[in-house]
Amino acid sequence: MYLQATAKINLSLDVLGTRADGYHDVRMVMQMVGMYDRLELTPEKGKPGIRFTTNLSYLPTDRSNLAVRAAQMLMEEFGVTDGLRIHLHKFIPVSAGLAGGSSDAAQTMIGVNRLFRLGLDRKGLMERGRSIGADVPFCILGGTALSEGIGEKLTPLPAMDRTDVLLCKPPVNVSTKDVYASFDRLPAVEHPDIDAQIAGIRAHDLTAVTDARAMRNVLEAVTGAACPVIGQIEDQMMADGARRAVMSGSGPTVFGLYDDHAKAEDARLRLKRIFPQARTFLTWTENRRKG
């Protein structure tokens, strides 16, 4: 079985406060994009256990990999005695704010459910995905959604019109845990108008969706300060015709939304020249529901 684990971006991201359990309450608009990892799942009758391989030598292949953990969780819960071989062809940049690992786990759960006929519906998969990671339920749902709580409370939104998305990951890595810890020490931040953005999505109004007051990521106050290249990439995207350019997740990947494909392609080529060490991709908003 072959599955596509698509990346996500945050059209907006707000942090509302710290919870008693140490996690953070967030409110954000999540959007799938057309970039994906490829998973191949093969059942192995009479060979208990999970065998995981990947094209990247530095990725873990044990339970510390979210895809392995997700498969083990379902197979143990439902008493699956046969084995499973998983091969991951990784394309989404690692530690990039694009939910690549969460999407791999989500698609692995969908695949295990189908292969072994576990009978779970989307809701059942999403409920179990919470224990793997906060982004996993959205990666099972797909499309466009408002995410609240620690990311597990999802409200599906109407599909965005297909829009070009230019992604650029500079050659730096960030720790999500450290970013949130630093954010807690900030005196004040300017919060995005997420309700206005949602209204823009419902009205198919890209101008409202990309308004600077709506399309904003509060974590950029931390990651952008530590990595000035993030702001430089955003400025270049805007100079090259992006409707708006912001950081996704805890970073460091920057995305820009374009309403003109030719401008987006020109911007991609220019970014590759100006930031040759960065990884740059041109994709689109992906609106298919999953699960």
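Biologist: What is Met237 in contact with, leaving aside its neighbours within four places in sequence?

Modeller: The list is Leu166, Leu167, Cys168, Ala242, Ala245, Val254, Phe255, Gly256, Tyr258 and Leu271. Contact here means heavy atoms within 4.5 Å. Keep in mind that this is a predicted model, where local features need pLDDT of at least 70 and side-chain atom pairs count only at pLDDT 80 or more, while totals for chains, interfaces and linings use all residues. Residues are numbered from 1 along each chain as its sequence is written, and side-chain values use heavy atoms, with hydrogens and water left out.

Biologist: What makes a set of residues a nonpolar core?

Modeller: The members must be buried Ala, Val, Leu, Ile, Met, Phe, Trp, Tyr or Cys, joined through side-chain atoms within 4.5 Å. Buried means under 20% relative accessible area, exposed is over 50%, and partly exposed is in between (1.4 Å probe, protein chains only). The largest nonpolar core has 66 residues, and Val112 and Met237 have the most contacts inside it. Helix 1 gives the most to this core, with seven residues. Apart from it lies another core of 24 residues, including Ala7 and Leu257. In soluble globular proteins, nonpolar side chains tend to be buried together.

Biologist: Which residues of helix 9 are buried?

Modeller: Helix 9 (residues 229–239) has Ile230, Ile233, Glu234, Gln236 and Met237 buried. Helices (H or I, at least four residues) and strands (E, at least two) are DSSP runs, numbered from the N terminus.

Biologist: How do you know which side of helix 9 they are on?

Modeller: They cover an arc of only 165 degrees around the axis, which puts them on the same side of helix 9. The arc is taken from the directions running from the helix axis to the C-beta atoms. The face turned away from the buried side carries the exposed residues Asp235 and Ala239. As for partners, the buried residues of helix 9 pack against strand 7, helix 8, strand 8, strand 9 and helix 10.

Biologist: And what makes the buried residues of helix 5 lie on the same side?

Modeller: In helix 5, the buried residues are Val179, Tyr180 and Phe183. Their arc around the axis is only 95 degrees, which puts them on the same side of helix 5. They pack against strand 1, strand 2 and helix 8.

Biologist: Why does Arg117 count as exposed?

Modeller: Its relative accessibility is 74%, and exposed is over 50%, so Arg117 earns the word. Arg117 sits in the loop between helix 2 and helix 3. It also has a positive phi of about 50 degrees although it is not a glycine. Most residues other than glycine have a negative phi, and most peptide bonds are trans.

Biologist: Why does His204 count as partly exposed?

Modeller: His204 comes out at 45% relative accessibility, and partly exposed is what falls between buried and exposed, so the label fits. You'll find His204 in the loop between helix 6 and helix 7. Its phi is positive too, near 55 degrees.

Biologist: Where is the cis peptide bond?

Modeller: It joins Gly251 and Pro252, with omega about 5 degrees. Pro252 belongs to the loop between strand 8 and strand 9.

Biologist: What makes something a pocket rather than a cavity?

Modeller: On a 1 Å grid over the protein atoms alone, a cavity is a set of points where a 1.4 Å probe fits but cannot get out, whereas a pocket is an open set with protein on both sides within 12 Å along at least five of seven lines. Lining residues have an atom within 4 Å of a point. The largest pocket has a volume of about 1200 Å³, where volume is the space filled by probe spheres set on the points, which are joined across faces, edges and corners. It is lined by 45 residues, with Ser102, Ala134, Asp135, Thr176 and Ser250 nearest its centre.

Biologist: How does the lining of the largest pocket divide?

Modeller: Into 22 nonpolar, 16 polar and seven charged residues. Ala, Val, Leu, Ile, Met, Phe, Trp, Tyr, Cys and Pro count as nonpolar, Asp, Glu, Lys and Arg as charged, and the others, Gly among them, as polar. The lining of the second largest pocket has five nonpolar, one polar and five charged. Strand 8 gives the most to that second lining, with three residues.
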